[in-house]
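Q: I'm new to this one and would rather see one part properly than everything at a glance. Could you pick a single part, look at it closely, and then work outwards from there?

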Amino acid sequence: MTFKEEIKENCLGCNLCARDCALLKEVGPVKQLVNRDISFEIASSCMVCGLCEKVCPKHLSPRKVFIEERENDLKGKENTLLSTTSPDRSNTLFKEYRHFYHIDYSPYEIKEDEIVESVFFPGCLDNCFIPKSTLETFKYLFYNNICQRMWNGCCSEPLITYCLNEREKEHNNHLLQFALKHGIKKVVTPCTNCYFSLNRAFKGSNIEVISLYDILDIGIENDGKTYTFHDSCSDRIHNHNIFANGMRRLLEKENFNCVEMKHHKNTSICCGTGGGAQHYRPQYESFYVDKRIAEAKEVNADVIVTFCPTCGMQLLNNPYDIKVKHILQIVFGIENELEDSLYKKQHLFDGDNGKKRQDELKKSPIINNIKSL
């Protein structure tokens, strides 16, 4: 039975799934939607955040319907709008960003023939957009004998999002072979996408993937401000709240004044960039940001804390002067890191040379070798 058929057979027509979803508000009700053809454009406009599944009394999934439709339309072909983040290409948006802004972790990375038992895997978002916090995190893990080296690979999450199943399998195999080659037994990551993607890649092996926030134990000075939390959708999709709970623990153990927005953890609202949907429905970004900021204002928050750099940068511009920080910025006392990265990201391809670099990036070929990871 397809996910469409499941909804046709079981949907109550309550429309709770559309309550906080811009797309379902536009194209629903869901019970009617599944009885007609769904275009690739509409399917690609889904944030794939999974909130619809959590609020549905029957646990049905419009999200999975849209993913199913994407997969049927793509049939293994890459969506060109999103290809610059595909981790199996010779160059990616993230590699270009690090190269252009001279972000270099090479002194701390695994050497060619090195055997290491435990590594820090920051993920592309963290090692690009919070580089100071990323380096401080590695130093903490290194000096506390938790991780010996940094592994700046890319997980398969973008390939999963784009429904490129065969390429995901191939990339996962490359990740596994790299880990086996270097004798890696434990991978520590601050990224929820990396956590779940790497667990898929290493399934059946003895390689353990651990959330950074389960082992990070640093005293943080309480500044007396009121903090609230924005939880990334990917933590909810996998039904664990591992990163959400870990982020809160770091502040609550120091008696920070922490309050919850109306929507949090399993009911958290997307920041507006999920699933690449902003390329098809850019108008939805302000819908989600405005909704999120309004909730933070309702609980009189001074600071919104997140464990996702993309979510953080998305929420920065708000009319209430509510600060937005990555949890690692708070842990290591690093100011304005997300603000600086947002500016750099917006100006990465400025000028004639920038346009040339951008065009070259879009033409980067798919690669098939372990060394590239």
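**A helix and its surroundings**

A: Let's start with helix H15, residues 284–298: at 1.5 Å a residue its 15 residues should span 21 Å, and the end C-alpha atoms are indeed 21 Å apart, so the two agree. (The expected span is 1.5 Å times one less than the number of residues; helices are DSSP runs of H or I with at least four residues, strands are runs of E with at least two, and both are numbered from the N terminus.) Keep in mind that this is a predicted model, where local features need pLDDT of at least 70 and side-chain atom pairs count only at pLDDT 80 or more, while totals for chains, interfaces and linings use all residues. Residues are numbered from 1 along each chain as its sequence is written, and side-chain values use heavy atoms, with hydrogens and water left out.

Which way does H15 face? Its buried residues are Tyr284, Tyr288, Val289, Arg292, Ile293, Glu295 and Ala296 (buried is under 20% relative accessible area, exposed over 50%, partly exposed in between, with a 1.4 Å probe and protein chains only). They sit on the same side of H15, because they cover an arc of only 155° around the axis, taken from the directions from the helix axis to the C-beta atoms. Turn to the face away from that buried side and you meet Asp290 and Glu298, both exposed. Just past the end of H15, Asn300 has a positive phi of about 60°.

So what lies over the buried side? The cover includes helix H2 (22–27), strands S5 and S7, and helix H16, with contact meaning heavy atoms within 4.5 Å.

Strand S7, residues 303–306, is worth a stop. Val303 and Val305 point to one side, Ile304 and Thr306 to the other, and all of them are buried, leaving both faces of S7 covered. S7 runs parallel to S5 (residues 226–230), joined by 4 bridges; strands count as paired when DSSP finds at least two bridges between them. Another 4 bridges pair S7 with strand S8 (residues 323–326), again in the parallel sense. Thr306 is a handy marker here: His230 stands opposite it, and in S8 its bridge partner is His326.

H16 (residues 309–315) comes back in as the helix of a β-α-β unit: S7, H16 and S8 together make a right-handed one. Right-handed means that, with the strands pointing away from you, the path from the first strand over the helix to the second runs clockwise.

Stepping back, the largest nonpolar core has 81 residues, and Trp151, Phe202 and Ile327 touch the most other members. (Such a core is a set of buried Ala, Val, Leu, Ile, Met, Phe, Trp, Tyr and Cys residues joined through side-chain atoms within 4.5 Å.) Helix H14, residues 242–252, supplies the largest share of this core, with 6 residues. Leaving aside residues up to four places away in sequence, Phe202 touches Trp151, Leu175, Leu176, Ala179, Val187, Ile207 and Val209. There's also a second, separate core of 32 residues, with Ala22, Leu33, Val65 and Ala277 among them.
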